[in-house]
Amino acid sequence: MHYYESEDLKKFGEVGAFSPELMKKFFDYYGAVTGTDGALTKREKSLIALAVAHALKCPYCIDAYTTTSLEVGSNPEEMTEAIHVAAA
C-alpha cells in the first residue's frame, strides 16, 4: 500500500463528514485566503503554496497546487523556480 493515491484527491470534499460545521469554517477561511487577489495575486499565492507543499513533502498538496498553479497562469519555469527557492 502506498501513502499517496491520486484517486484520494477526488474524496477531499468528504473530509468534513464527521464535523461539517468545522469543515465549512475551514473552507470559508481557505477560500478567503486563497480564492481572491489581495496584496498577492491568486497566481502568487498558488506558487507559494506549491513551494511549501514541496518543502513539507506532501504529495496530495503537490498534486493539488501543481494543478492550481497551472490553472491560474503559472508556467513550469516559474513553478520550478518557486520549488527551488523553497528547497534553498
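Here is a walk through the structure, from the whole chain down to a few particular residues.

Keep in mind from the start that this is a predicted model. The protein chain has 88 residues, and buried ones make up 18% of them. As for secondary structure, you'll find four helices and zero strands, so the pattern along the sequence reads simply α-α-α-α. If you lay the C-alpha trace along its principal axes, the spans come out at about 40 × 40 × 20 Å. What about contacts between parts of the chain that are distant in sequence? Take the contacts with a separation of 6 or more: 52% of them join residues 24 or more positions apart.

Now zoom in on two of the helices, α2 (residues 42-56) and α3 (residues 59-71). Their axes sit 9 Å apart, and the packing angle is about 160°. Since angles over 145 degrees count as roughly antiparallel, that makes α2 roughly antiparallel to α3. The crossing of α2 past α3 is left-handed.

Which residues meet where α2 packs against α3? On the α2 side, look for Ser46, Leu47, Ala49, Leu50, Ala53 and His54. Facing them from α3 are Cys61, Ile62, Tyr65, Thr66, Thr68 and Ser69. Sorted by class, this contact holds seven nonpolar and five polar residues, with no charged residues. Among the nonpolar ones, Leu47 and Leu50 come from α2, while Ile62 and Tyr65 come from α3.

Next, the aromatics. A pair of aromatic rings is described by the distance of the centres and the angle of the planes. Searching the whole structure turns up two aromatic pairs. There is also an aromatic cluster to pick out, made of Phe26, Phe27 and Tyr30.

Finally, go back towards the beginning of the chain and find Tyr4, in the segment before α1 (20-34). Is Tyr4 buried or exposed? Neither label fits: its relative accessible area is 25%, and because the partly exposed class runs between 20% and 50%, Tyr4 counts as partly exposed. Setting aside neighbours within four places in sequence, Tyr4 is in contact with Leu9, Pro59, Tyr60 and Asp63. Pro59 marks the start of α3, which covers residues 59-71, so the contacts of Tyr4 take you back to a helix you've already visited. For a sense of distance, try Pro76 as well: Tyr4 and Pro76 are 72 residues apart in sequence, and their C-alpha atoms are 23 Å apart in space.

Note on methods:
Residues are numbered from 1 along each chain as its sequence is written. This is a predicted model: local features need pLDDT of at least 70, side-chain atom pairs count only at pLDDT 80 or more; totals for chains, interfaces and linings use all residues. Side-chain values use heavy atoms; hydrogens and water are left out. Axes are lines fitted to C-alpha atoms, for helices over the stretch in contact, and angles run from 0 to 180 degrees between N-to-C directions. Angles under 35 degrees count as roughly parallel, over 145 as roughly antiparallel, 65 to 115 as roughly perpendicular and the rest as oblique. A crossing is left-handed if the near helix is turned anticlockwise from the far one by less than a right angle, and right-handed if clockwise. Contact means heavy atoms within 4.5 Å. Rings of Phe, Tyr and Trp (its six-membered ring) pair if their centres lie within 6.5 Å; planes under 30 degrees apart count as stacked, over 60 as edge-to-face and the rest as tilted. Buried means under 20% relative accessible area, exposed over 50%, partly exposed in between (1.4 Å probe, protein chains only).
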